[in-house]
Amino acid sequence: MLRRAGIVVIVCALFTGAARAAVADRGVGDRERESAARALREYAARYVSAAAHLTPTYARQTGLACSACHTHFPELTATGRAFKLNGYVFRRSESLEGKTPEGQQSLLLNLVAPVSLMFQTSYTSTKKALPGTQNGTVLFPDQLSLFTGGEITPHVGGFLQVTFDPQSGQLGVDNADFRFATHTNILSKRTTLGLSLNNNPTVQDVWNSTPAWGFPYGSSAVAPTPGAATFVDGTLAQQAAGLTAYTMWNDRVYAEFGAYRSAPLGIQRPLDSTATGVISGAAPYWRLAFPNVWGQNYLSVGTYGMAASIFAAGVSGPTNRFTDVALDIAYMHSFGPNSFTLDGTWIHEKQTWAAGGAANPTNTLRTFRMDAMYHIGTRYAFTLAPFVTTGTSDTVLYAKTVPVSGSRTGSPKNDGVIAEVDVMPWQNLRLQFQYVAYGQFNGSSSDYDGFGRRASDNNTLYILTWLLY
């Protein structure tokens, strides 16, 4: 089951209840935790209104409500980024502590099991039914996930998501992220140093806040989706394992670098000639971001990317090369209890088809998307999100004469806009109404698949109930 976007940010709201720092001063480790706690409180004071006391989850989480880490889950605030950057180690629940005979801490366990639940149920309807199918699909559940995580040691924390797939009826590991973080002084500036072991680069990246295209993260919406997508844009979800090193210098510069190696789920090990989409060696991943806070404003601009050589078949032989370079931006402005956020990303991919599989020896693919969201307190949110994908036409790679998913022109072009209204009676319950409207789909606005289907026939109404507990 491929999962596309930002679940780690949900965990910020769900698992901060995983821990509580020991209250007495017990040396450098406690002082570091108190510094992290103070930083979180300062961020919260800057970004979160008095609504933080309105939810019962306040007591069993960090002491900060969901709105401290999220303007609108899974979108992160600076508080959420600070929590993640520090390795999920901010602790407020009662703990069991063990010490060596020398008085050094050797154990720190929560007295309350850090387990949370995400439940989604949905209704999906396209403007024109898919051939031979019933239109208006109800999924109950749309997704069901269990999470566990939080602080493991004073410097190590993480989370694990196990998800039930309603279409296969099976459970599987969805997302995992484990972090080590510490602090030091470099050039007299406070610096965070860390390591992240995870299974999805675009989900685990602290600053990659722009959701992947389309429906909400984790949904199983039964609707057509465009055929072209860049490699870095969610393709490796549950298909790789990566180790990255990251640093934040003086709250002004964030840098991360690491590599990912194929580790698909549900496939026999070791990988052999029956495997597909296997990375040759490891795929490097990088990220650079420049966050800044002034007044009621938060702005981050950055770049990220990945390069990978993929075997045409099995685990040997010629490979095809994909090099992705991206720019992104995240902006937030607070209007008292209300706020405006803007997230955007542009991705350029160069494809080199040395192993075949395409008509052209090289292709390019470009994706741009942006979402502008206005939040009225923690109860309502309104979103407009335009998106466009363009690239080189390829009669082998894209041209397929099949209903709905085909492309008559062989062009990867898709464009449209997503409109969404969210109603949140409580911070951990969302009623979501989304409409996706297409201008072009798989290269054309009319008869795009060669069977008479129009791009607008794929316009989709998606209604979702989303519960986090």
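**Exercise 1. The nonpolar patch**

Task: Find which strands each supply at least two residues of the nonpolar patch, then place Phe-382 and decide whether this residue is buried, partly exposed or exposed.

Solution. Let's begin with the strands: β16 (362-376), β17 (380-391) and β19 (429-440) each give at least two residues to the nonpolar patch. Keep in mind that the model is a predicted one. Next, collect the members: Phe-335, Tyr-374, Ile-376, Tyr-380, Phe-382, Val-421, Leu-431 and Phe-433 make up a nonpolar surface patch of about 660 Å². Now pick out Phe-382, which sits in strand β17. Its relative accessible area is 38%, so Phe-382 counts as partly exposed.

**Exercise 2. Aromatic pairs**

Task: Work out how many aromatic pairs there are, and describe the geometry of the pair formed by Phe-231 and Phe-322.

Solution. The count comes to 9 aromatic pairs. One of them joins Phe-231 and Phe-322, with ring centres 5.9 Å apart and 15° between the planes. Planes under 30 degrees apart count as stacked, and this pair is stacked. Then look at where the partners lie: Phe-231 is in the loop between α6 (201-204) and β10 (240-249), while Phe-322 is in strand β14 (residues 319-335). The pair links distant parts of the chain, 91 residues apart. To finish, check burial, for which the cut-off is under 20% relative accessible area. Phe-231 has 9%, so this residue is buried; Phe-322 has 13%, so this one is buried too.

Follow on with Phe-441 and Tyr-448, whose rings form a tilted pair at 5.0 Å centre to centre with 55° between the planes. Phe-441 and Tyr-448 are both buried. Ring pairs also bring Phe-387, Tyr-438, Phe-441 and Tyr-448 together in a cluster.

**Exercise 3. The largest pocket**

Task: Give the volume of the largest pocket and say which residues are closest to its centre.

Solution. The volume of the largest pocket is about 950 Å³. There are 41 lining residues, and the closest to the centre are Gly-227, Ala-229, Thr-235, Phe-322 and Trp-353. At the level of elements, β13 (297-311), β14 and β15 (338-352) are those that give two or more residues to the lining. You have met Phe-322 before, as the stacking partner of Phe-231.

**Exercise 4. Salt bridges**

Task: Say how many salt bridges the structure holds, then ask of three of them which parts of the chain they tie together.

Solution. The structure holds 4 salt bridges. Take Asp-233 and Arg-369, whose side chains meet at 2.9 Å, N to O. Asp-233 lies in the loop between α6 and β10 and Arg-369 in strand β16, so this salt bridge ties together parts 136 residues apart in sequence. Asp-233 and Arg-369 are both buried.

Move on to Asp-328 and Arg-287, with their closest N and O atoms 2.9 Å apart. Here strand β14 holds Asp-328 and strand β12 (residues 283-294) holds Arg-287, so parts 41 residues apart in sequence are tied together. Burial again applies to both Asp-328 and Arg-287.

Finally, Asp-447 and Arg-408 meet in a salt bridge at 3.7 Å, N to O. Asp-447 is in the loop between β19 and β20 (460-468) and Arg-408 in the loop between β17 and β18, so the pair ties together parts 39 residues apart in sequence. With 29% relative accessibility, Asp-447 is partly exposed, and Arg-408, at 44%, is partly exposed as well.

Technical notes:
Residues numbered from 1 in each chain as written. Predicted model: local features only at pLDDT ≥ 70, side-chain atom pairs only at ≥ 80, totals over all residues. Heavy atoms only, no water. Patch = residues over 30% accessible without salt bridge, like charges linked within 9 Å, V, L, I, M, F, W, Y side chains within 5 Å. Areas by Shrake-Rupley, 256 points an atom, 1.4 Å probe, with all protein chains shown as cover. Helix = DSSP H or I, 4+ residues; strand = E, 2+ residues; numbered from the N terminus. Buried < 20%, exposed > 50% of the residue type's maximum accessible area, 1.4 Å probe, protein only. Phe/Tyr/Trp six-rings, centres within 6.5 Å; stacked < 30°, edge-to-face > 60°. 1 Å grid on protein atoms, 1.4 Å probe; cavity = no way out; pocket = protein on both sides within 12 Å on 5 of 7 lines; lining within 4 Å. Points joined across faces, edges and corners; volume = space filled by probe spheres on them.
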